[in-house]
Amino acid sequence: MPLDPGRTVAELRKLQELTGDEDGAQRVAWTETWSKAKEWLASKLEPLGVEEEIDEAGNQWFTLRGSSGSVLLIGGHIDSVPNGGWLDGALNVVAGAEVLRRIAEQGEPPVTVRLVNWADEEGARFGRSLFGSSAAAGSMADQDELRSRRDADGQALPEVLAAHGVELDRALDARSQLEDASAYLELHIEQGPVLESLGLPLGVVLGTFGVERHQITFRGQAAHAGSTPMDKRRDALGGAAKLALEIREIAKRTGDGAVCTMGSCVTKPGIVTSVVETCTVLLDQRHLDARKLAAMLAEAKEASERFANEEDVEVEWERVWAIERILFDERLIELADEAVIEVAGESHRLPSGPLHDAAEVSRAGIPTVMLFVQSLRGLSHTKLEDTKPEHLELAVQALDRLASKTVEKLSA
């Protein structure tokens, strides 16, 4: 059975028909629709005679045994955000299934090949992303906090997981799944506009951004909006507004893919007749270079102090969350470049702003690489998410070439 990239596109359309509606994909993890999607995936691979297994964290594994102890992993996630796109996550595993079919048709491979459908990459229901991959990688360390998490309907995370056969306290036992892994490959839509702006269908991912996320509070003095002269005000929003504009300049000066986002702003007392006494904002900064990320943070802090002084207010910083950058394997990046050039004629290397399961696998010490395929208009996490069918087919071909090259390296 030769590789059939067109079948991947058709299966993705069928999956959307089965698990989506007029608002988009509805495969939120730990729901009946998600379970339905997993069963559908298993039905597509059942004719191959591969071994299916659900591990302690809810990850779904399909194993094609090879003649050596080396293991090649191909992975992705079939869960989506609510009202999500038809490709985010699902492309990874459906394309991986097509590659697994092609390998199985050629008889026993020289290495064992495993396809993994990671559980709850999105974190859409409980706000905890990369659940299954972080458990398998051994980096999950927040079980105590997870025990207290509830969804929008008030259901506790441990109870919902138990209904799907997962015990939170045993999730880390999934680490055994990665013991013999020698390489990990993942295909994903870009979810951004870079490849489209370059007129390229495919790219190779260098790694995932480091992230610094902080809550910043400016404190001034509430005063009557009508009787307080402009030069006598201690307006907390004034300092925050200046910082919101300055972080854009910081990103521009830093360059090399730097991004800074102020995504939330809460003022108190929050009425039109009062000068703002406190303004709390959330700042997200990302970069692939750890030193540049640290410099961006230092610049933002210095700017906040300067603006606080100008507005006669005070400013406080509190780290909300941070993650170090993850660089993918240089040898696999070279193989990925070769694969992309062979099927598309030209390749482009770029970082990933969003996090992916691949980052957790790489953090576990397993050589890892990702391929990106162009996203139209850079849109994702929306029903408008789309990629040209011909580009999707090229992506399946590139993943297959990369898998072949990796198998050859592992079996040498």
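How many aromatic pairs does a search of the whole structure find? The search finds 4 aromatic pairs. The model is a predicted one, and this tour begins with two of those pairs before turning to the cores and the surface.

**First stop: Trp30 and Phe131.** Select Trp30 together with Phe131, which form an edge-to-face aromatic pair, 5.7 Å centre to centre with 90° between the planes. Distant parts of the chain are linked here: Trp30 sits in the loop between strand E2 (24-25) and helix H2 (32-45), Phe131 belongs to helix H4 (residues 131-137), and the two are 101 residues apart. Both Trp30 and Phe131 are buried. Add Trp34 to the selection to display one aromatic cluster, formed by Trp30, Trp34 and Phe131.

**Second stop: Trp61 and Trp118.** Next, select Trp61 and Trp118, another edge-to-face aromatic pair, at 5.5 Å centre to centre and 80° between the planes. Trp61 lies in strand E4 (residues 60-64), while Trp118 is in the loop between strand E6 (112-117) and H4; this pair, too, links distant parts of the chain, 57 residues apart. Trp61 counts as buried because its relative accessibility is 0%. Trp118 likewise counts as buried, at 0% relative accessibility.

**Third stop: the nonpolar cores.** Return to Trp30 and show its surroundings. Apart from neighbours within four places in sequence, Trp30 is in contact with residues including Ala57, Ala119, Asp120, Arg125, Phe126 and Phe131, as well as Val160, Leu161, His164 and Val166. Widen the view to the largest nonpolar core, which has 91 residues; Trp30, Phe131 and Leu371 have the most contacts inside it. Colour helix H3 (residues 90-105) to see the element that gives the most to this core, 9 residues. Another core of 21 residues lies apart from it, and Ile216, Phe218, Ala236 and Ala251 are among its members.

**Fourth stop: a surface patch.** Now select Leu282, Val320 and Trp321, which make a nonpolar surface patch of about 240 Å². Within the patch, Val320 is found in strand E12 (residues 314-323). Is Val320 buried or partly exposed? With a relative accessible area of 47%, Val320 is partly exposed, because it falls between the limits of 20% for buried and 50% for exposed.

**Last stop: Glu393.** Finish on helix H12 (residues 389-411), where Glu393 lies. Glu393 is partly exposed, its relative accessible area being 30%. Beyond neighbours within four places in sequence, the residues in contact with Glu393 are Pro5, Gly6 and Val9. To set a distance across the model, select Asp289 as well: Glu393 and Asp289 are 104 residues apart in sequence and 32 Å apart in space, C-alpha to C-alpha.

Note on methods
Residues numbered from 1 in each chain as written. Predicted model: local features only at pLDDT ≥ 70, side-chain atom pairs only at ≥ 80, totals over all residues. Heavy atoms only, no water. Helix = DSSP H or I, 4+ residues; strand = E, 2+ residues; numbered from the N terminus. Buried < 20%, exposed > 50% of the residue type's maximum accessible area, 1.4 Å probe, protein only. Contact = heavy atoms within 4.5 Å. Core = buried A, V, L, I, M, F, W, Y, C linked by side-chain atoms within 4.5 Å. Patch = residues over 30% accessible without salt bridge, like charges linked within 9 Å, V, L, I, M, F, W, Y side chains within 5 Å. Areas by Shrake-Rupley, 256 points an atom, 1.4 Å probe, with all protein chains shown as cover. Salt bridge = Lys/Arg side-chain N within 4 Å of Asp/Glu carboxyl O. Phe/Tyr/Trp six-rings, centres within 6.5 Å; stacked < 30°, edge-to-face > 60°.
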